[in-house]
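Reader: I've just opened this one and I'm new to it. Could you walk me through what's there?

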Amino acid sequence: MNTLVMGVLNVTPDSFSDGGQFAATEAAIARGRALAAQGASIVDVGGESTRPGATPVPVEEEQRRVLPVIRALTAEGIETSIDTIHAQTALAAVAAGARSINDVSGGLHDPAMLDAAARAAAEHGARFIIGHWRGIPDPAHQRSDYADVIAEVRDALADRARAAIAAGVDSSLIVLDPGLGFDKTGQQCWALLAHLDTLIELGYPVLVGASRKRMIAEALVGAGLEADLSARDLATSVVTALAAGSAWGVRVHDVVGSVQALAVAGAWQGARPAEDMGSAEDMADPPRNGISTADPITPGGASSARGADQVGGSADRIVLTGLEVFAHHGVFDFERQNGQRFIIDAEVAVDLRAAASGDALERTVHYGELAEAIVAAVERDPVDLIETVAERVADVALRFAGVRSAKVTVHKPDAPIAATFADVAVAVVRP
Ligand code: PMM
């Protein structure tokens, strides 16, 4: 898994200049833009501090701070999440373009949050990030009385995920977060990080938010070191490197440091022996654009060694890849309403010798017509599954004169999957 970086954007009066609301909004948008440019995949916008001892903010004020920022960043194609414990703000933020609701209370603070998350998931495909929480954070850590912090946080998160699903949130849109620093001592936070696999085993992506927290300062001071901001940021990047490949994401203030940490961790992990790594290479390879009559289907594969990948026993074929069609297939309401990209690769087995010897278009399949027919087949009436779409496209291809068989791959690169992924696709070979 490629761990993503979520950049923290706190739009609170103390986080930006005192030049008034407009100046603060503009400064926040500029900061969000900078975080994205530095490599944040998501900018996490919050209008109310959830740190221990922070003053609560009315939802109207919270929304006044965050909504213009989310709208502006979304308009620039920057993915945002809303960091809130209030259902009303979550819904307004998702309507403004936020792709995730990041609720550090996991729906416990606001009784309306789970229904809001279900609505946001169904209507917009929004993720629901569930933080572990025991109430408004207590600066004195009086609620950090765990007998077994790892088991208790794991069980509490599993409960919240079940509650979210019961309320209607699709499980593929749930992300879990151990809530580092929320009613947990530094030692308990480090124990949770050391046992991150226990949370990952629940089967949901896991987000880690250690950035600049007291646990970081305690680790530095405990080693007799300074714990100023730059030291905390460097230490946070080390946490990122250690979480790389297992956490779905890290929520950090210093995006540059974490991006660098992930690059180094990636180089380290990428140099491991091949048998340590997954083998989903074929499906994960992003679709390529273009058309050819050569041999481009299997990444790195030689046509003579194709085996089961061979289409209809013929060596000759026409290959059309990366055909992009906008359509409304999918099981979710928002997929049916909003539509998304489908990328089609089609490989048809045709004897090309007669066409080549006579340089005759009529002796082969006109690839422009094939492309047109495929686009029409994918665009028409929406269905739930890309399996159905692939079958439909194969059927269309087989109707072209001279086509003996067809291999069709339908990619859905923007599918609603909470984890970071390159592509999801199905392939059928017919007849
Ligand atoms: N921590 C804070 C705020 N939002 N969201 C998630 N998902 N996880 C966290 O650990 C988390 C969060 C508080 O930290 P900040 O004041 O530095 O933003």
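**A first tour**

Author: Sure. The protein chain comes to 15 helices and 13 strands, and keep in mind that this is a predicted model.

Reader: What share of the 431 residues in the protein chain is buried?

Author: Let's start with the outside: the protein chain exposes about 19,500 Å², and carbon and sulfur atoms supply 54% of that area. As for the 431 residues themselves, the buried share is 49%.

Reader: And what percentage of the contacts with a separation of 6 or more comes from residues 24 or more positions apart?

Author: Leave aside contacts with a separation below 6, since the figure covers a separation of 6 or more. Among those in the protein chain, residues 24 or more positions apart account for 67%.

Reader: Now the rings. How many aromatic pairs are there, and how is the pair of W133 and F182 classed?

Author: The count comes to 2 aromatic pairs. In the pair of W133 and F182, the centres are 6.5 Å apart and the planes are at 45°. Planes under 30 degrees apart would count as stacked and over 60 as edge-to-face, so the rest are tilted. That makes W133 and F182 tilted.

Reader: How many residues apart are W133 and F182?

Author: W133 sits in the loop between β5 (127-131) and α5 (149-167), while F182 sits in the loop between β6 (174-177) and α6 (186-194). The pair therefore links distant parts of the chain, and W133 and F182 are 49 residues apart.

Reader: Are W133 and F182 buried or exposed?

Author: The cut-off for buried is under 20% relative accessible area. W133 has 8% and F182 has 9%, so W133 and F182 are both buried.

Reader: What about F332 and F334: is the pair stacked or tilted?

Author: Both F332 and F334 are buried. Their ring centres are 5.1 Å apart and the planes are at 15°, so this pair is stacked.

Reader: Which residue lies over the face of Y146?

Author: Look for a residue at 3.8 Å from the ring centre of Y146. The one lying over that face is R134.

Reader: Let's move to helix α8. Which elements do the buried residues of α8 pack against?

Author: Helix α8 covers residues 214-222, and its buried residues are M215, I216, A217 and L220. An α-helix has 3.6 residues a turn, so residues three or four places apart point the same way. The buried residues of α8 pack against α6 and α9.

Reader: What phi values turn up on either side of α8, at R212 and G224?

Author: R212 is in the loop between β7 (207-208) and α8, and its phi is positive although R212 is not a glycine. G224 comes just after α8 and has a positive phi too. The values are about 60° for R212 and about 75° for G224.

Reader: Is D359 buried or exposed?

Author: D359 is in the loop between α13 (353-358) and α14 (367-379), with a positive phi near 45°. Exposed means over 50% relative accessible area, and D359 has 72%, so D359 counts as exposed.

Reader: Which residues make the nonpolar surface patch of about 330 Å²?

Author: One of them, L234, is in helix α9 (residues 229-243) and is exposed, with a relative accessible area of 58%. The patch is made by L234, V238 and L242.

Reader: Last one: what kind of peptide bond joins R430 and P431?

Author: P431 is in the segment after β13 (425-430). Omega of the bond between R430 and P431 is about 0°, and the bond is cis.

Definitions and conventions: Residues numbered from 1 in each chain as written. Predicted model: local features only at pLDDT ≥ 70, side-chain atom pairs only at ≥ 80, totals over all residues. Heavy atoms only, no water. Phe/Tyr/Trp six-rings, centres within 6.5 Å; stacked < 30°, edge-to-face > 60°. Helix = DSSP H or I, 4+ residues; strand = E, 2+ residues; numbered from the N terminus. Buried < 20%, exposed > 50% of the residue type's maximum accessible area, 1.4 Å probe, protein only. Lys NZ or Arg CZ within 6 Å of the ring centre and 35° of its normal. Patch = residues over 30% accessible without salt bridge, like charges linked within 9 Å, V, L, I, M, F, W, Y side chains within 5 Å. Areas by Shrake-Rupley, 256 points an atom, 1.4 Å probe, with all protein chains shown as cover. Salt bridge = Lys/Arg side-chain N within 4 Å of Asp/Glu carboxyl O. Contact = heavy atoms within 4.5 Å.
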